[in-house]
Amino acid sequence: MTAKNRRKVSVSKLFQSVIHCGLIAAGAVSGRFRMAEIRFYVDLFGGQLLLGSSKEPVAIQSVQIMRILEGLTADGMAQIEKVKSHTYYRLLPNGYLYLLENLVATDHRLPIEDTLFINYFIDSYREVILKLSGDLTPAQAKRLEEITQPGSMIERQLAILDTIIAKLRHRQQDYLKILTFLSDTKSSRMTFAEKIERLPLGPSIPQTFNRSLREALLGLPEAIREREVTTGFHKRHQQFYKPYISSLIEERRVLAVCIGKEELIE
């Protein structure tokens, strides 16, 4: 497929991160750089990070890179230099700090490939990036040191995963209580309305439309109510919560191995 036929994309957060990494790498390694160097890194990182996200090649356009460079220049974080027929770009130290802070700033779970990529990128370029800290204020230099600390991105994601896993396990326990109740011989003699009235709904079972699940179920037509009681709870536990928790535990294990902190989670 030729470049002309590739799908054009806007600068989403993911593509923005790829461009930011391209700018950081090109600048940190060579000082001033041309669009050719930026394109090399952007295509390299894009092909690495976007490998499983699309069935067709995804092209990040040079005009998208230029928009970011022009914005950085306008904000005093980059410079554009004309030398004869060539155009060169240079990131200023505060520009590196700004791009890196945007790269690592998140308080939610990232896809594992994003976390692995950011961790790899910072580890690979940290040495040359820190050489630029001499032109920063002491506070900025300290911040640069902090956000490029080896494994810090993974550490934050591990903490987020721990919180999510704990919440899902609480919900799983509440589901197990419901399933135990529904499988009891006593409940088999109850009507569906009576079963719903007596469901052991723990605090981790979510509400619907600002009502408890019990109230919502009792207000539904009989057919929907019966299906939820007979198969809904069981299927959600077996085919969603149970495998989802297992996948998060495995994700956590993979990330922990990357920083030498593998722990066994049952």
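In the predicted model, the protein chain exposes about 15100 Å², of which 53% is supplied by carbon and sulfur atoms. Of its 266 residues, 38% count as buried. The C-alpha atoms fill a box of roughly 90 × 45 × 30 Å along the principal axes. The radius of gyration of the chain is 26 Å, whereas a compact globule of 266 residues would have a value near 18 Å.

The secondary structure of the chain consists of 10 helices and 5 strands. Among contacts between residues at least 6 apart in sequence, 66% join residues at least 24 apart. With respect to charge, the chain carries 37 positive and 30 negative charges, and the mean positions of the two sets are 4 Å apart.

Helix α3 was examined in further detail. This helix comprises 13 residues, 62–74, and its end C-alpha atoms are 18 Å apart. The separation agrees with expectation, because a rise of 1.5 Å a residue should give a span of 18 Å for a helix of this length. The buried residues of α3 are Gln 64, Ile 65, Met 66, Ile 68, Leu 69 and Leu 72. In general, an α-helix has 3.6 residues a turn, so residues three or four places apart point the same way. Just after α3, Gly 76 adopts a positive phi of about 75°.

Within α3, Leu 69 has a relative accessible area of 1%. Leu 69 is therefore classed as buried, the cut-off being under 20%. Apart from residues up to four places away in sequence, Leu 69 touches Leu 23, Ile 38 and Tyr 89. The C-alpha atom of Leu 69 is separated by 8.4 Å from that of Ile 80, which lies 11 residues away along the chain.

A second buried position was considered in helix α5. Thr 115 is located in this helix, which spans residues 112–130. The relative accessible area of Thr 115 is 0%, so this residue is also buried. When residues up to four places away in sequence are not counted, Thr 115 touches Leu 110, Met 153, Ile 154, Gln 157 and Leu 255.

Notes: Residues numbered from 1 in each chain as written. Predicted model: local features only at pLDDT ≥ 70, side-chain atom pairs only at ≥ 80, totals over all residues. Heavy atoms only, no water. Helix = DSSP H or I, 4+ residues; strand = E, 2+ residues; numbered from the N terminus. Expected span 1.5 Å × (residues − 1). Buried < 20%, exposed > 50% of the residue type's maximum accessible area, 1.4 Å probe, protein only. Rg over C-alpha atoms; globule rule 2.2 N^0.38 Å. Contact = heavy atoms within 4.5 Å. Areas by Shrake-Rupley, 256 points an atom, 1.4 Å probe, with all protein chains shown as cover. Lys, Arg positive; Asp, Glu negative; His and termini not counted. Charge placed at Lys NZ, Arg CZ, Asp CG, Glu CD.
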